[in-house]
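User: Hello! I am new to this structure and would like to know how its labels are earned. Could you walk me through it?

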Amino acid sequence: MGGVPSDDDADQTRPTLLPALAREVEEFVSTAGWDQAPQLFALVPTAELIAQQPELRAQLDPAAALTPIAQEELPGEDLGDALASIVWPDAVTGCAVAQEIVVLPPDAEAEIDSVAHAEDTSVLRRVAAEHPQRREARLVAAVLRDGTAACVLRLRGDQDRPDEIVEHPELAPNLTGALLQTLRP
């Protein structure tokens, strides 16, 4: 049966709902390519969005429980500070953020630890950015008010290897924790 899922349907699809939304956000962001600033998305109930803005019906999937809505550019350069300043209204069921990061292999940890004493995070970023085994990646972290989290990581490919997708709810626990704080009353 089509249409908007009931609360029972939403409970049954909840384990797959948020990972699917995180993938949807990552796919949306990826259409603009790489080298983008972090992007924030509100996750709102589709039925409520259509009820408030019926002109959007043709652009939305009315069967989707939630719809991601891109927000304005985040203020400042520090994602943590930007997220700390956000408080969502009750109409927002969850949120997601997409950001580009550098991923290092586990054996690079010793090199990072040698400069970890530096309080200036720009030193750590420089070491990571200059590491010969670094890989650029796009991380999407998404959370719901009930504490559910999902993460999708797209490792950027090159001439020797294609893009690689990794999904796991605990890829970025600090980031999902910061996102959950934006949903607290």
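Analyst: Happy to help. A helix here is a DSSP run of H or I with at least four residues, numbered from the N terminus. E26 has its place in such a run, helix α1, residues 7–30. Please keep in mind that this is a predicted model.

User: What makes E26 count as buried or exposed?

Analyst: Buried means under 20% relative accessible area. E26 has a relative accessible area of 1%, so E26 is buried.

User: Which residues is E26 in contact with, apart from its neighbours within four places in sequence?

Analyst: Contact means heavy atoms within 4.5 Å. By that rule E26 is in contact with R138, V140, V152 and R154.

User: How do you know where the strands stand in the sheet, and in what order?

Analyst: Two strands pair if DSSP finds at least two bridges between them. Here 6 strands form an open sheet, with the antiparallel order β2-β1-β3-β4-β5-β6. β2 (66–70) and β6 (164–167) each have a single partner strand, so they stand at the edges, with one side of each left without a neighbour in the sheet. On average, neighbouring strands are turned by 20° against each other, direction ignored.

User: What makes β1 and β3 a pair?

Analyst: The cut-off is at least two bridges. Strand β1, residues 39–45, shares 5 bridges with β3 in the antiparallel sense, so the two count as a pair. Two places show this: L40 stands opposite V97 in β3, and A42 has C95 of β3 as its bridge partner.

User: And how do you know that β1 and β2 pair?

Analyst: The reasoning follows the bridge rule again. β1 and β2 are joined over 5 bridges, also antiparallel, and L43 of this pairing stands opposite P68 in β2.

User: Why is L43 called buried?

Analyst: L43 lies in strand β1. Its relative accessibility is 0%, so L43 counts as buried. Strand β1 is mostly covered, with 6 of its 7 residues buried. In the protein as a whole, 35% of the 185 residues count as buried.

User: How far apart are L43 and G94 in sequence and in space?

Analyst: L43 and G94 are separated by 51 residues in sequence, yet 4.7 Å lies between their C-alpha atoms. For the protein in general, take the contacts between residues at least 6 apart in sequence: 66% of them join residues at least 24 apart.

User: Which helix packs on the sheet?

Analyst: Helix α6, residues 173–182, packs there and touches β1, β3, β4 (135–144) and β5 (149–155). The direction of α6 makes about 35° with that of β4. The protein has 6 helices and 6 strands, and along the sequence they follow the pattern α-β-α-β-α-β-α-α-β-β-β-α.

User: Why is a space in a protein called a cavity?

Analyst: A cavity is a set of grid points where a 1.4 Å probe fits but cannot get out, so an open space does not get this name. The structure holds 1 cavity of 30 Å³ or more, and about 30 Å³ of space lies in the largest cavity.

User: What lines the largest cavity?

Analyst: Its lining consists of V29, Q36, A37, Q39, A98, Q99, E100 and R138. Strand β3, residues 94–103, gives the largest share of that lining, 3 residues. By type, the lining divides into 3 nonpolar, 3 polar and 2 charged residues.

Methods:
Residues are numbered from 1 along each chain as its sequence is written. This is a predicted model: local features need pLDDT of at least 70, side-chain atom pairs count only at pLDDT 80 or more; totals for chains, interfaces and linings use all residues. Side-chain values use heavy atoms; hydrogens and water are left out. On a 1 Å grid over the protein atoms alone, a cavity is a set of points where a 1.4 Å probe fits but cannot get out, and a pocket is an open set with protein on both sides within 12 Å along at least five of seven lines; lining residues have an atom within 4 Å of a point. Grid points are joined across faces, edges and corners, and a volume is the space filled by probe spheres set on the points. Ala, Val, Leu, Ile, Met, Phe, Trp, Tyr, Cys and Pro count as nonpolar, Asp, Glu, Lys and Arg as charged, and the others, Gly among them, as polar. Axes are lines fitted to C-alpha atoms, for helices over the stretch in contact, and angles run from 0 to 180 degrees between N-to-C directions. Buried means under 20% relative accessible area, exposed over 50%, partly exposed in between (1.4 Å probe, protein chains only).
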